[in-house]
Amino acid sequence: YDKSLVLGDYVVVVNAEKIQMTGKKRTQKKYTHHTGYIGNLKHTPVERVLQRKPIDVLRRAVDGMLPKNKLRDERLKLLRIFAGPEHPHA
């Protein structure tokens with residue numbers, strides 16, 4: 001691993017729908033985004049995101065752990081997340 005290089009290895013994650021969280025994160029943690037309009041700061045509980053798109057929870061977690069540099073988007077393209085146990089990269 002070198003933070004100045006993208007080495008090109010894919011990371012495949014399966015069973016993202018079975019993710020476990022410690023404590024009360026599942027009910028208390030909220031994702032926040034702004035729509036761009038005045039007063040439109042939206043909060044979405046993690047529990048709702050897990051029900052609709054369990055892949056997004058894991059992708060946001062990995063995104064927050066990566067270094068904040070120009071290669072961040074390139075590294076996220078190499079991350080493959082699947083909700084169930086089956087995937088085409090076998």
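**Close-up views of a predicted model**

R72 is found in helix α4, which spans residues 72–77. The model shown in every view is predicted.

**View A. Two arginines of helix α4 are buried.** Helix α4 holds R72, and R75 is likewise found in this helix. R72 has a relative accessible area of 18%, and because buried means under 20% relative accessible area, R72 counts as buried. R75 also counts as buried, at 13% relative accessibility. Leaving aside residues up to four places away in sequence, R72 touches D63, G64, L66 and P67. With neighbours within four places again set aside, the contacts of R75 are Y1, D2, K3, S4, L5, V6, L66, P67 and N69.

**View B. The largest pocket is lined by 13 residues.** The volume of this pocket is about 270 Å³. Closest to the pocket centre, among the lining residues, are Y1, D9, V11, R75 and L78. By class, the lining of the largest pocket comprises 10 nonpolar residues, 1 polar residue and 2 charged residues. R75, one of the residues closest to the centre, is in contact with Y1, another of that group.

**View C. Helix α3 has three buried residues: P54, V57 and L58.** The helix runs from residue 54 to residue 65. The three buried positions lie on the same side of α3, because they cover an arc of only 90° around the axis. An α-helix has 3.6 residues a turn, so residues three or four places apart point the same way. The cover over the buried residues of α3 includes strands β1 (11–13), β2 (30–34) and β4 (79–81), together with helix α2 (46–52).

**View D. The largest nonpolar core consists of 6 residues.** These residues are A16, L58, L66, L76, L79 and I81. Another core, of 5 residues, lies apart from the largest one, and its members include Y31, V46, L50 and V57. Two buried residues of helix α3 thus appear in this view: L58 belongs to the largest core, whereas V57 belongs to the other. L76, a member of the largest core, touches R59, V62, D63 and L66 when residues up to four places away in sequence are not counted.

**View E. N15 has a positive phi value.** The phi angle of N15 is near 60°, a positive value in a residue other than glycine. N15 is placed in the loop between β1 and α1 (25–28). With a relative accessible area of 26%, N15 is partly exposed.

How values were computed:
Residues numbered from 1 in each chain as written. Predicted model: local features only at pLDDT ≥ 70, side-chain atom pairs only at ≥ 80, totals over all residues. Heavy atoms only, no water. Buried < 20%, exposed > 50% of the residue type's maximum accessible area, 1.4 Å probe, protein only. Helix = DSSP H or I, 4+ residues; strand = E, 2+ residues; numbered from the N terminus. Arc of directions from axis to C-beta. Contact = heavy atoms within 4.5 Å. Core = buried A, V, L, I, M, F, W, Y, C linked by side-chain atoms within 4.5 Å. 1 Å grid on protein atoms, 1.4 Å probe; cavity = no way out; pocket = protein on both sides within 12 Å on 5 of 7 lines; lining within 4 Å. Points joined across faces, edges and corners; volume = space filled by probe spheres on them. Nonpolar A, V, L, I, M, F, W, Y, C, P; charged D, E, K, R; others polar.
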